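Please open the structure in your viewer and keep the selection tool at hand. We will go from one selection to the next, pausing at each stop to see what is there.

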Amino acid sequence: MDKRLLVLALGMFALGTDTFVVAGVLPKIAQSFQVDIGIAGQLTTLYAIAYALLAPTVAAIAAHVPRKQLMLSGLGIFVLANLATALAPSFTIALVSRVFAGLGAAMYAPTATGTGATIVAPERRGQAIAIIVAGLTAATALGSPIGTVIGGLSDWRWTMYFVSAIGLAAGLGILSLLHDVPLPPKVALKARLAPLQDARVGWTLLTTFLGMAGNFLVYIYFSVVFDRVLANAFVFGALLVVWGTSGTVTNIALARVLDKVSATKLMFVVLVVQAATMAVLPWASAWLWSAALAVAVWGATGWGIQGPQQYRLVTVAPAIAPIVLGLNTAATYLGVTTAGVLGAVGIHLLGAHQLGFLSVGVFVLAILSSQKAGAAIRRSASPDVPGNVRPAPPRSAQPAR
C-alpha cells in the first residue's frame, strides 16, 4: 500500500477524532459550562459550519500554497484551537475556539483528499479515496472511544488534550514522509462554485448533505439517545468502537469494489439500510444487545456514504477533482451543522429517544436525491471529454483537457 496515502489518512484520523469525540463528552461539557445539552451540541455545529464554509474559500485563496505547507499549517491551527478549547474559561470562548478548529480542518481535509486522488493512477482513485476516508472511520473506532473513556474517567478537557496530541503526531508524520506534492492549477472561487450548475454535481452534493445530516442527527446526541444502556464510560466507548469499526470495515471493502460496482447502486443500498436502522432505533436503543446491533449496522452504512459519493464526483469531474471534493467537504459539514440544529429542536419536540424518526425523513430525501444524481450521470455525455465538468479557466490558463 502507498505509504503516502496512509500519512494522509493519519491526518484525517486526527480531524475525525475531533469531530466525533465531542459527542462522547457532551454531557460533561454541558455540566461544566452549565448550559443545556442542546446548546452544548452547538460546539459541533460551529466547528462544522466553519469547516463547510471555509473549505472552498481556503482552497481558492491558498491555491498557490504548496500542498504540504497548506496541510501542515492547517494541522497547526487545528492543534492550537483544540488546546484553546481545553483551556477555555467560558462557553463563549470554547465556541470561538471551535471555529478556528474548523478553519484548520478546512485547510487540511480537501487538500489531503485531492492530493490522494491525484498522486495515484486513475484506475486507483477509488481505492485512494476509500483509504483516506478510512482515516475518519478509524477515528470513530479508536480515537473517539479512547477520548470518550478519557473524558469519562477524568475531565472532558483531557479529551481535547488527547485530540491535540493526535493532530501533532499527524503533522510530524506528514512533515517527515510526504514529499513532492504537485500544485493544482489556480482557480478562482467563482470558478470553483461553477460545477454546482451541473446537475450531476449538484444532485450528488445534495445527497452528501442529506446523508450526513441524517447520520449525525443522532450521532451528535448519542449520549442522550442511548442513555438507557450507557451504564458507564466503558460501555459508551465500546459502542463507539462498534460504530467506528463497522464503518472502517465498510471502507476497506469499498476500496476493493468502488472501481467495479455502480456507485449509485451502492448508495441506494446504504441509504435504505440507514433509514430502516433509524426507524427501529427508538426501540433498539432500550437494550444493550439491540443497541449494539443497531449501532453496528448504522456505523457500517453511515460510513458507506462518503466513498461512493467522492468516487462519483471524481469520475464526473476528474480535471477538477480537488474542487468538487472541496465542495463535497462543504456539503458534508453543512449536513453536520444542520444535524446539530435539527437534533436540538427534535429533542425538545419529540424527545431524545425519538430522534431516529426525524432521521428517517432526512434519509428518504437522500435516497430520492441520490437516484436523481445517478440518472443525471447516466444521461450525461460530452463530445470531447465524457463526464468531465469544467469551470471557466482563468484568462492566463488554458482550458483543462
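How many residues does helix 10 have, and how far does it reach from its first C-alpha to its last? Select residues 199-219 in this predicted model: you will have helix 10, whose 21 residues span 30 Å between the first C-alpha and the last, close to the 30 Å expected at 1.5 Å a residue. With the rest of the protein switched on again, notice that 16 of these 21 residues are buried, so helix 10 is largely enclosed by the rest of the structure.

Next, select Asp198 together with Arg200, and look at the N-terminal end of helix 10, which Asp198 caps. Here a side-chain oxygen of Asp198 lies 2.8 Å from the backbone nitrogen of Arg200.

Now move to residues 263-284, which form helix 13, and pick out Thr277 within it. Is Thr277 buried or exposed? Its relative accessibility is 6%, and because buried means under 20%, Thr277 counts as buried. To see what lies against Thr277, add Ala294, Val297 and Trp298 to the selection, since these are its contacts once neighbours within four places in sequence are left aside.

Finally, clear the selection and view the whole protein, in which there are 17 helices and zero strands. Of its 401 residues, 60% are buried, and among contacts between residues at least 6 apart in sequence, 86% join residues at least 24 apart. If you display the surface, the accessible area comes to about 15,500 Å², and 70% of it belongs to carbon and sulfur atoms.

Definitions and conventions:
Residues numbered from 1 in each chain as written. Predicted model: local features only at pLDDT ≥ 70, side-chain atom pairs only at ≥ 80, totals over all residues. Heavy atoms only, no water. Helix = DSSP H or I, 4+ residues; strand = E, 2+ residues; numbered from the N terminus. Buried < 20%, exposed > 50% of the residue type's maximum accessible area, 1.4 Å probe, protein only. Contact = heavy atoms within 4.5 Å. Areas by Shrake-Rupley, 256 points an atom, 1.4 Å probe, with all protein chains shown as cover. Expected span 1.5 Å × (residues − 1). Polar contact = N/O pair within 3.5 Å; in protein donor to acceptor, adjacent residues only side chain to side chain.
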